[in-house]
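Colleague: Could you take me closely through one part of this model, the little group of polar side chains that you keep pointing at? I'd like to know who touches whom, and what surrounds them.

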Amino acid sequence: MGRAAAVVDRLVASYQRLLSPRKGWSCAHRVAYGDASCSAAVRELVRERGVLRAVVPTVARFVACYHAAVLLAQTDVSGVCCCGGIPIPFRFGSRR
């Protein structure tokens, strides 16, 4: 793993350890599909491909997370889509 990838990996790991547990919600993609969170997926992409080659798949993952949030909008699930550095909150319950 290159130096830039190692730095990005440590930054995302710090986010996972220090901020993510305190924010009070889970990744919409993870909630909808039961696989890795976006931050875990991004770490894996950066480790495997390096920073530059991970950009496009990372953006694609954040778009998929947004779509998962839209999917969850049709359910009673609530949380936040962790699309990049800007969390997009969602709270959808029964629409009565």
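Modeller: Let's start with the term we'll lean on: a polar contact is a pair of N or O atoms within 3.5 Å; within protein, one of them must be able to donate a hydrogen and the other to accept it, and residues adjacent in sequence count only if both atoms are side-chain atoms. Keep in mind that this is a predicted model, where local features need pLDDT of at least 70 and side-chain atom pairs count only at pLDDT 80 or more, while totals for chains, interfaces and linings use all residues. Residues are numbered from 1 along each chain as its sequence is written, and side-chain values use heavy atoms, with hydrogens and water left out.

First, the setting. The protein chain has four helices and two strands, in the order α-α-α-α-β-β from the N terminus. Helices (H or I, at least four residues) and strands (E, at least two) are DSSP runs, numbered from the N terminus.

Now to the middle of the group, His29, which sits in helix H2. Its side chain makes a polar contact of 3.1 Å with the side chain of Arg61, and another, of 3.2 Å, joins the side chains of His29 and Asp35. His29 counts as buried because its relative accessibility is 9%; buried means under 20% relative accessible area, exposed over 50%, and partly exposed in between (1.4 Å probe, protein chains only). Leaving aside neighbours within four places in sequence, His29 is in contact with Gly34, Asp35, Ala36, Cys38, Arg61, Ala64, Cys65 and Ala68, where contact means heavy atoms within 4.5 Å.

On one side of His29 we have Asp35, found in the loop between helix H2 (28-33) and helix H3 (38-49). Asp35 has a relative accessible area of 36%, so it is partly exposed. Beyond four places in sequence, Asp35 is in contact with His29, Arg30 and Arg61.

The other partner, Arg61, lies in helix H4. You might expect an arginine to stick out, but at 13% relative accessibility Arg61 counts as buried. Not counting residues up to four places away in sequence, Arg61 touches His29, Asp35, Ala36, Ser37, Cys38 and Ala41. Take Ser37: it is 24 residues from Arg61 along the chain, yet their C-alpha atoms are separated by 9.7 Å. Over the chain, residues 24 or more positions apart account for 45% of the contacts with a separation of 6 or more.

You'll have spotted cysteines on those contact lists. Cys38 touches both His29 and Arg61, and it counts as buried because its relative accessibility is 0%. Cys65, on the His29 list, also has 0% relative accessibility, so it counts as buried. Don't go looking for a bridge, though: the structure holds zero disulfides. Cys38 is in none, and the nearest cysteine sulfur, that of Cys27, is 3.4 Å away, whereas a disulfide is a pair of cysteine sulfur atoms within 2.5 Å.

Last, helix H4 (residues 51-72) also holds Val63, which is partly exposed because its relative accessibility is 40%. As for the chain overall, buried residues make up 31% of its 96 residues. To recap the part you asked about, His29 has side-chain polar contacts with Asp35 and with Arg61.
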